[in-house]
Amino acid sequence: MSLVIVGSVAFDTIETPLARRERIIGGSCTYSALAASFFTRPKIVAVVGEDFPRETADFLKKRRIDLKGLTVVPGGKTFFWEGRYGDDPNQRETLKLDLNVFNDFRPILPPSYRAPDILFLANIGPDLQEHILAQVKRPRIVAMDTIRHYIVTQPDAIDRVLRKVDIYFANDEEARLLTREQNLVRAGRSLLDRGPRLVVVKKGEHGALVFGPDFVFGIMARPCEGVVDPTGAGDSFAGGFLGYLDKTPGRTPKDIRRAAVYGSVMASFVIEDFGIGRFLTLDRGQVEGRLRQFRKLSTF
Ligand code: AMP
């Protein structure tokens with residue numbers, strides 16, 4: 001079993017109604033690999049500049065994340081993103097986006113990365129997603145995520161990648177934007193017609209819907225009174241979902257349901273602190289404890 005993840009490793013500046021944090025560690029690849037690391041040993045493909053802190057790389061290694069595919073560009077500047085949340089944590093505005101070292105990043109994958117069981121094309125430019133996809137032997141599962149920025153600026157490339165993937169993770173806004181359907185059930189079905197066999201539509205604090213060829217599964221988000229920072233919730237959902245699947249031989253609807261609950265569990269942790277803060281102290285026992293809470297919450 002192996003999971004390869006390509007996506008951003010970033011510095012984020014985040015503003016919520018209560019606080020602001022400057023240049024903390026973020027990125028779609030960082031969040032999803034950390035969430036997946038509670039189930040499996042992910043291999044990451046990304047690029048950072050010389051300004052990237054050694055302690056963060058050490059922490060990723062400590063979580064047994066394989067960094068052979070992480071390039072460090074001498075003198076380069078790490079990807080930077082700045083976002084602001086309003087009172088509704090589901091709404092955010094991108095204030096700044098500097099691709100920096102990602103601008104011309106076209107890596108050759110290390111040999112040990114070329115036959116993954118699961119490939120996750122986390123949120124990053126669709127051209128880079130395709131470049132990675134072209135270098136791997138057909139994995140058991142190819143999953144993708146994207147963001148408004150690429151749906152608006154590169155819709156044709158997004159469509160091309162969608163046709164080649166098995167699982168697509170979207171949030172409600174992205175699903176509506178891509179399909180022009182306001183109704184999320186119709187949007188989910190319409191996305192299934194575009195290529196993927198499974199579409200996961202995340203709805204922030206309202207949970208997620210998983211659409212398969214002949215089933216729909218609804219999963220709630222853990223009720224949380226104090227969301228500190230919603231950043232990375234989507235990536236952590238996907239990381240938990242795929243990390244769990246990587247360790248699970250089956251692919252039945254029941255396995256998919258359980259994967260979705262683990263996704264929701266990992267998202268519920270990350271929002272409790274800024275950036276990757278909550279992952280610094282999280283352990284597998286706490287993950288299992290929250291899975292039991294989820295079961296109690298939704299059994300009747
Ligand atoms: P999420 O909250 O799960 O949607 O993911 C947030 C993360 O996505 C942040 O840590 C950002 O660094 C990263 N991000 C934001 N915009 C982009 C982009 N255009 N490409 C890649 N990563 C991005």
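Which residues does Phe279 touch, once residues up to four places away in sequence are not counted? In this structure, which is a predicted model, Phe279 touches Tyr31, Leu34, Ala35, Phe38, Phe59, Ser236, Met266 and Val270. I begin with Phe279 since, together with Ile167, Phe169 and Phe241, it is listed with the most contacts inside the largest nonpolar core, a set of 105 residues. Helix H9, residues 253–270, gives the most to this core, with 10 residues.

Let me turn from the core to the ligand. The ligand is surrounded by 20 residues, and the closest of them are Ser8, Asp12, Gly27, Gly232 and Asp235. For Gly232 the approach is through the backbone, where an N or O atom lies 2.7 Å from an oxygen atom of the ligand. Two side chains can be added here: Arg92 has an N or O atom 2.8 Å from an oxygen atom of the ligand, while Asn123 places an N or O atom of its side chain 3.4 Å from a nitrogen atom of the ligand. As for the surface of the ligand, 510 Å² is exposed when the ligand is taken alone, and the protein buries 94% of that.

Where in the fold does this shell come from? Two or more residues each are given by strand S2 (10–15), strand S6 (79–85), strand S7 (92–98), helix H4 (148–153) and helix H8 (233–246), and of the elements in the shell it is H8 that gives the most, with 3 residues. By residue class, the shell divides into 9 nonpolar, 8 polar and 3 charged residues.

I would also like to show three arginines. Arg290 lies in helix H10, residues 284–298, and it counts as buried because its relative accessibility is 9%, where the cut-off for buried is under 20%. Leaving aside residues up to four places away in sequence, Arg290 touches Arg222, Val265, Ser268, Phe269 and Glu272.

The other two arginines are of interest for their backbone. Most residues other than glycine have a negative phi. Arg23, however, has a positive phi, near 45°, and this residue lies within strand S3, residues 20–26. Its relative accessibility is 43%, so Arg23 counts as partly exposed, that is, between the 20% and 50% limits. Arg64 likewise has a positive phi, near 60°, but its setting is the loop between helix H2 (54–62) and strand S5 (66–73).

Conventions
Residues numbered from 1 in each chain as written. Predicted model: local features only at pLDDT ≥ 70, side-chain atom pairs only at ≥ 80, totals over all residues. Heavy atoms only, no water. Near = heavy atom within 4 Å. Polar contact = N/O pair within 3.5 Å; in protein donor to acceptor, adjacent residues only side chain to side chain. Areas by Shrake-Rupley, 256 points an atom, 1.4 Å probe, with all protein chains shown as cover. Helix = DSSP H or I, 4+ residues; strand = E, 2+ residues; numbered from the N terminus. Nonpolar A, V, L, I, M, F, W, Y, C, P; charged D, E, K, R; others polar. Buried < 20%, exposed > 50% of the residue type's maximum accessible area, 1.4 Å probe, protein only. Contact = heavy atoms within 4.5 Å. Core = buried A, V, L, I, M, F, W, Y, C linked by side-chain atoms within 4.5 Å.
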